[in-house]
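Trainee: I'm new to this one. Could you walk me through how the descriptions of it are justified?

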Amino acid sequence: MTVKQPVTFLGKNKPTTTVRPNSLAFHVLAKPSGAICNLDCTYCFFLDKADLYPDSVFRMDLPVLEAYLTQLFEVTAGDEITISWQGGEPTLLGKAWFERAVELANSLKPSHVRLLHTMQTNATLIDDDWAQLLAKHQFLVGVSIDGPPALHDAFRVDKKGGATSDRVLRGLRALQSRGVEVNALITVNSANMDHGLEVYRYLRDDLGLRYFQFIPIVEHADGVISAESVTPQGWGSFLTTVFDEWFRHDVGEVYVSMIDAALAPLVGAPAGMCIFAETCGDAIALEHNGDVYSCDHFVDPDHLLGNVLSNHLGDLVTSAAQRGFGQAKKSTLPSQCTTCPVLSQCRGECPKNRLFPSETGDGAINYLCAGYLQYFTHANPVLTLMARQLLAGGYADEVPDLVFSAPADQPCPCGSGTPRGVCHLR
């Protein structure tokens, strides 16, 4: 979940905020309820992780919570520390559990440290009492919502296969009414991939949201991609559609993580998303019983690093096994990737999606490769112009005026090489 001020949000009418590099050497996705959830989303990759703990009650107890927080504070420098709660569905633990967790964190943290709590939730259990608690402790809340009800309910269903959109919207409104900061977490799948504009406008106009994180669904078994998964072409088209709408109307007003991450390398900044980092291994998953895994997408016996009740968190994240895991993202890139014109932005994306042999035969290529190539190639003329503007001391939201005020019969200022009137951003 992104918590930093985005580069592209710096508009000429807004105060300029310098993004302080994240002081964490690593980021922990803590799962206090494990893989237990009150929904049964058909594309969910995490529900079957409950099979790893057949006799568990899936509730992080006080010794594990205290060990985790103590170790986190011992190895984290800086004056701000982020504590991220995910699931399963973390709200199943109840409000009292989170009150106790926040109280314990406040009692253990160094006096100069400010804590930022984040939570990822399906929002179906959020009521006004929950919203008050989250507002009280200034939580940043990521709400999973896949678009208008018909698109959301295609795969995000409850244990009886029933629709969930009404409950999600009720929870979202409760959060908004209490002033809780909300990010929308949108999976892009086979149901909504052809409706990028509809999804974006629904989130922006109907729900009043301004922070979007689009997440591609890629699930497979024995090399066969699931029916719920987005196609490479669908992913590329979805992102380019969203990009064009954002550029026409929302620069400086709406934050899209996929756009910010694409711009970051062009201004010499970190991507801000682990999938676009050159190496990985700095985002680990903490299970409810204290087990630590290499990554949220690699919660399996082969990637179990240890347990905070018997190993220190700092030792686990700096272990040879974890460093090797992270470096493999770069070292196993096929030459098809290393010679790609958008390598500096894509970096081969997440290793979990490297599913098929590359054209060069020297490694595995990312399933979404064609989609990313389409998206970055489409967006880069404008993003390059934005980067120049930012590096010259200007603002990103000045660029649309530069483009759209140009004469239609003159070359588009975005650098596409075509007249502005027939440019891809017409």
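Mentor: Sure, starting with a term: the bend at a residue is the angle between two axes, one fitted to the seven residues ending there and one to the seven starting there. Keep in mind that this is a predicted model.

Trainee: What makes Asn380 a kink in helix α13?

Mentor: Helix α13 covers residues 369–391, and the bend at Asn380 comes to about 50°. The proline Pro381 follows shortly after that kink. Just past the end of α13, Gly393 has a positive phi of about 95°.

Trainee: Why are α7 and α13 called roughly parallel?

Mentor: Helix α7 (residues 232–249) packs against α13 at an angle of about 20°, their axes being 6 Å apart. Angles under 35 degrees count as roughly parallel, and therefore α7 and α13 get that label. The crossing of α7 past α13 is left-handed. Among the residues making the contact are Trp235, Phe243 and Phe247 of α7 and Tyr372, Tyr375 and Met386 of α13. By class, the contact of α7 with α13 has 13 nonpolar, seven polar and one charged.

Trainee: And how do you know which label fits α2 and α3?

Mentor: Try the cut-off again. Helix α2 (residues 95–108) packs with α3 at about 10°, with 11 Å between the axes. The limit is under 35 degrees, so α2 and α3 are roughly parallel to each other. In this contact, Lys95, Phe98 and Glu99 of α2 meet Asp129, Trp130, Leu133 and Lys136 of α3. That gives three nonpolar, no polar and four charged residues.

Trainee: Why are α3 and α5 called oblique?

Mentor: The axes of α3 (residues 128–136) and α5 (residues 165–177) come within 8 Å and cross at roughly 45°. Roughly parallel needs under 35 degrees, and roughly perpendicular starts at 65. The angle of α3 and α5 falls in neither range, and therefore the pair is oblique. Their crossing is right-handed. Asp128, Ala131 and Leu134 of α3 make the contact with Ala174, Leu175 and Ser177 of α5. Four nonpolar, one polar and one charged residues take part in the contact of α3 with α5.

Trainee: On to the sheet. What makes β9 and β12 edge strands?

Mentor: Look at the order of the 10 strands in the open sheet: β9-β6-β5-β4-β3-β2-β1-β10-β11-β12, with mixed pairing. Both β9 (255–256) and β12 (304–307) pair on one side only.

Trainee: How do you know that β6 and β9 pair?

Mentor: Pairing takes at least two bridges. Strand β6 (residues 211–216) is joined to β9 by two bridges, and these strands run parallel. Tyr211 is opposite Tyr255 in β9. Helix α6 (residues 196–206) lies across β5 (181–188), β6 and β9, at about 150° to β6.

Trainee: What makes Phe58 and the bond from Gly87 to Gly88 worth a look?

Mentor: Most residues other than glycine have a negative phi, and most peptide bonds are trans. Phe58, a residue other than glycine, has a positive phi near 55°. You'll find Phe58 in the loop between β1 (27–30) and α1 (62–75). The peptide bond from Gly87 to Gly88 is cis, with omega near 10°. Gly88 belongs to the loop between β2 (80–85) and α2.

Key: Residues numbered from 1 in each chain as written. Predicted model: local features only at pLDDT ≥ 70, side-chain atom pairs only at ≥ 80, totals over all residues. Heavy atoms only, no water. Axes fitted to C-alpha atoms, helices over the stretch in contact; angles between N-to-C directions. Helix = DSSP H or I, 4+ residues; strand = E, 2+ residues; numbered from the N terminus. Parallel < 35°, antiparallel > 145°, perpendicular 65-115°, else oblique. Left-handed = near helix turned anticlockwise from the far one by under 90°. Contact = heavy atoms within 4.5 Å. Nonpolar A, V, L, I, M, F, W, Y, C, P; charged D, E, K, R; others polar.
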